[in-house]
Amino acid sequence: MAKEGENSTFHARDYVDPPPAPLIDASELKKWSFYRALIAEFIATMLFLYITVLTVIGHKSQVATSPDACSGVGLLGIAWAFGGMIFILVYCTAGISGGHINPAVTFGLFLARKVSLIRAIAYMLAQSLGAICGVGLVKAFQSAYYNRYGGGANTLADGYSTGTGLGAEIIGTFVLVYTVFSATDPKRKARDSHVPVLAPLPIGFAVFMVHLATIPITGTGINPARSIGAAVIFNNKKAWDDHWIFWVGPMIGAAIAAFYHQFILRAGAAKALGSFRSQTHV
C-alpha cells in the first residue's frame, strides 16, 4: 500500500484513455439518458441566469437608490454569484449531463472528442433556450428595474476597444475550459488519487476569478448562452452590436484550452507522432 502523497502504485503506462466519443452517434437519439441530460442542461442554465442576472439587477438598483457607496453586493458579490451558482449546478448535474451549462465548455469537450457532434449541438440549444427562459423570469419578477438597469446584458464598456474585449473573453474562457479539463481529467484522478478534488469547486472558482478580472471590461461573458439569453430578452442595439464578441471569444478560448490540454499537457501530439512513426517502420 502506497503512503499518502506517493504515486508508487500508479504508472502512466498502466493507464488507458477512454475511447473518444463518436463524431456522430445517432443511437443517442433513442436513449432516455440523452433527453434527461438535455433537460438537466436546460434547467441548470435557466437557474444560473435567473440567480446571476437577478443579482446584477438588484445590485444596480440598490446602488442607484442609496447614497451609501457600499450598498449592494458590489462586483465581488456579483462574481461570487456567478462562481457559486456554477459550483452548485455543476455539482448537481455532473452525473446526469456532465454539468456543462455553457456552450463554450461543450464546444471544447467536443473538440477533445469527449462528446459527439449530436450531443454538442443539442446541449448548446438546450443551454441557450434555458438562458433565455432564465432571463425572462428575471424580467417578469423585476419589470420595474430590468430595462432601467441594462437587463444584465453583456456589452463592451466605454473606453475599451473591440480587440481588448475579444481578448478578455478569449483568455477568460481559456481559464475556465482549461480548469474543466484539468478537474475532470481521468488520468489525473488516477495519478493523484491521494489528492481528492471535488471537480465543481475549482470550476466555480475559475468562474469567480475571471469575473473579478473582466466585469469592468465586458461584464464577463465567457458563456455564450449567458450572453444570448440576456441579449434576446433585453433586445437593445448596444447589446446586439457587441454580441459577436461573446460567441467568437469564448469559442476561440475553448478551442485553445482543448488543444493545450489534449495535445500539450496530455502529449496527444507526441502520441500521434509516435504512432505514425511506428506505422511507417513496419
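Start with the whole protein chain: of its 282 residues, 46% count as buried. Keep in mind that this is a predicted model. Colour by secondary structure and you'll find 11 helices and zero strands, so to speak an α run from the N terminus on. Contacts are mostly long-range in sequence: among those between residues at least 6 apart, 81% join residues at least 24 apart.

**The annotated spans**

Next, select residues 38-58, 78-99, 120-141, 161-183, 195-217 and 244-265. The unreviewed UniProt entry lists each of these as "transmembrane region". Zoom in on 38-58: this span is 100% helix and 0% strand, and its end C-alpha atoms lie 30 Å apart. Now jump to 78-99. Here the chain is 73% helix and 0% strand, with 21 Å between the end C-alpha atoms.

**Helix H2**

Stay in that area and select residues 74-93, which make up helix H2. How far does H2 reach from its first C-alpha to its last? The 20 residues cover 29 Å, close to the 28 Å expected at 1.5 Å a residue. Show side chains for the buried positions, among them Ile-78, Phe-82, Met-85, Ile-86, Leu-89 and Val-90. Glycines are on the buried list too, including Gly-74, Gly-77 and Gly-83. Which helices do the buried residues of H2 pack against? Bring up H1 (32-65), H7 (200-218) and H8 (224-234) to see the partners.

**H5 against H7**

Keep H7 on screen and add H5, residues 162-184. The two axes come within 9 Å and cross at roughly 175 degrees, which means H5 is roughly antiparallel to H7. On the H5 side, pick out contact residues including Thr-164, Ala-168, Glu-169, Gly-172, Leu-176 and Val-180. From H7, the contact includes Pro-202, Ile-203, Ala-206, Val-210, Thr-214 and Ile-217. Colour the contact by residue class: 11 are nonpolar, six polar and one charged.

**H3 against H4**

For the last stop, hide the rest and select residues 103-111 (H3) and 117-141 (H4). Their axes are 9 Å apart and the packing angle is about 175 degrees. H3 and H4 are therefore roughly antiparallel to each other. Which residues make the contact? H3 brings Pro-103, Thr-106, Phe-107 and Phe-110, while H4 offers Leu-117, Ala-120, Tyr-123, Met-124 and Gln-127. By class, that contact has seven nonpolar residues, two polar and no charged.

Note on methods:
Residues are numbered from 1 along each chain as its sequence is written. This is a predicted model: local features need pLDDT of at least 70, side-chain atom pairs count only at pLDDT 80 or more; totals for chains, interfaces and linings use all residues. Side-chain values use heavy atoms; hydrogens and water are left out. UniProt positions are given in the numbering used here, feature names are shortened, and annotations may be inferred rather than shown by experiment. Helices (H or I, at least four residues) and strands (E, at least two) are DSSP runs, numbered from the N terminus. The expected span of a helix is 1.5 Å times one less than its number of residues. Buried means under 20% relative accessible area, exposed over 50%, partly exposed in between (1.4 Å probe, protein chains only). Contact means heavy atoms within 4.5 Å. Axes are lines fitted to C-alpha atoms, for helices over the stretch in contact, and angles run from 0 to 180 degrees between N-to-C directions. Angles under 35 degrees count as roughly parallel, over 145 as roughly antiparallel, 65 to 115 as roughly perpendicular and the rest as oblique. Ala, Val, Leu, Ile, Met, Phe, Trp, Tyr, Cys and Pro count as nonpolar, Asp, Glu, Lys and Arg as charged, and the others, Gly among them, as polar.
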